[in-house]
Amino acid sequence: MNKIQDTILICPPAISQAAAMGALQRGASYCRGFLEGLARVRALVLEQFAALHGLCAVPRPDGAFYCLVRVHTAMDAMTLAARLVREHRVAVIPGTAFGLTDGCSLRVSYGALEASTVAEGMSRLVRGVTEIVR
């Protein structure tokens, strides 16, 4: 997983590059149209994470489309991520893929998702973290 993630960060696929160029050519107004929806989804994510108060620390992602979550557990991030996938059908990326090696951290992305998809995924994530960590 680390190798795949590394490659994606270094060189986005050609189709992603073409889409980015199209958005840049359309101008800032094209991008602004997505901000309201992204803000709604971010609010939903943070509202759901509030249920994990005491189990996780979640800094507010003011400009990002993901959260870096610090889970208060001795379990390593890869084990927690694998269990969340297997037991709760929700995918996160271990913080170790981003160099976060102190404690258990997860990256939870929500930028490309619809609100209904995020609501379902966050419900699974909150339930999963609660069951696994408690």
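Contact here means heavy atoms within 4.5 Å. The model is predicted.

**Helix α5**

Helix α5 covers residues 115–133. Its buried residues are Val 118, Met 122, Arg 124, Leu 125, Val 126, Gly 128, Val 129, Ile 132 and Val 133. They pack against α3 (28–49), β1 (56–57), β2 (66–71), α4 and β4 (104–109). An α-helix has 3.6 residues a turn, so residues three or four places apart point the same way.

**α4 against α5**

Two packed helices are described by the angle between their axes and the distance between the axes. For α4 (residues 77–88) and α5, the angle is about 115° and the axes are 10 Å apart. The crossing is right-handed. From α4, the contact takes in Leu 80, Arg 83, Leu 84, Glu 87 and His 88. From α5 come Arg 124, Leu 125, Arg 127, Gly 128, Val 129, Glu 131 and Ile 132. By class, this contact has five nonpolar, two polar and five charged residues.

**Helix α3**

Helix α3 bends by about 30° at Glu 36. Val 41, Arg 42, Leu 44, Val 45, Leu 46 and Phe 49 are buried in α3. Their cover includes β2, β4 and α5.

**Helix spans**

Expected spans at 1.5 Å a residue are set beside the distances between end C-alpha atoms.

| Helix | Residues in helix | Expected span | End C-alpha distance |
|---|---|---|---|
| α3 | 22 residues | 32 Å | 31 Å |
| α5 | 19 residues | 27 Å | 26 Å |

For α3, the end distance agrees with the expected span. For α5, the two values also agree.

Technical notes. Residues numbered from 1 in each chain as written. Predicted model: local features only at pLDDT ≥ 70, side-chain atom pairs only at ≥ 80, totals over all residues. Heavy atoms only, no water. Axes fitted to C-alpha atoms, helices over the stretch in contact; angles between N-to-C directions. Helix = DSSP H or I, 4+ residues; strand = E, 2+ residues; numbered from the N terminus. Left-handed = near helix turned anticlockwise from the far one by under 90°. Nonpolar A, V, L, I, M, F, W, Y, C, P; charged D, E, K, R; others polar. Expected span 1.5 Å × (residues − 1). Buried < 20%, exposed > 50% of the residue type's maximum accessible area, 1.4 Å probe, protein only. Bend = angle between axes of the 7 residues up to and from the residue.
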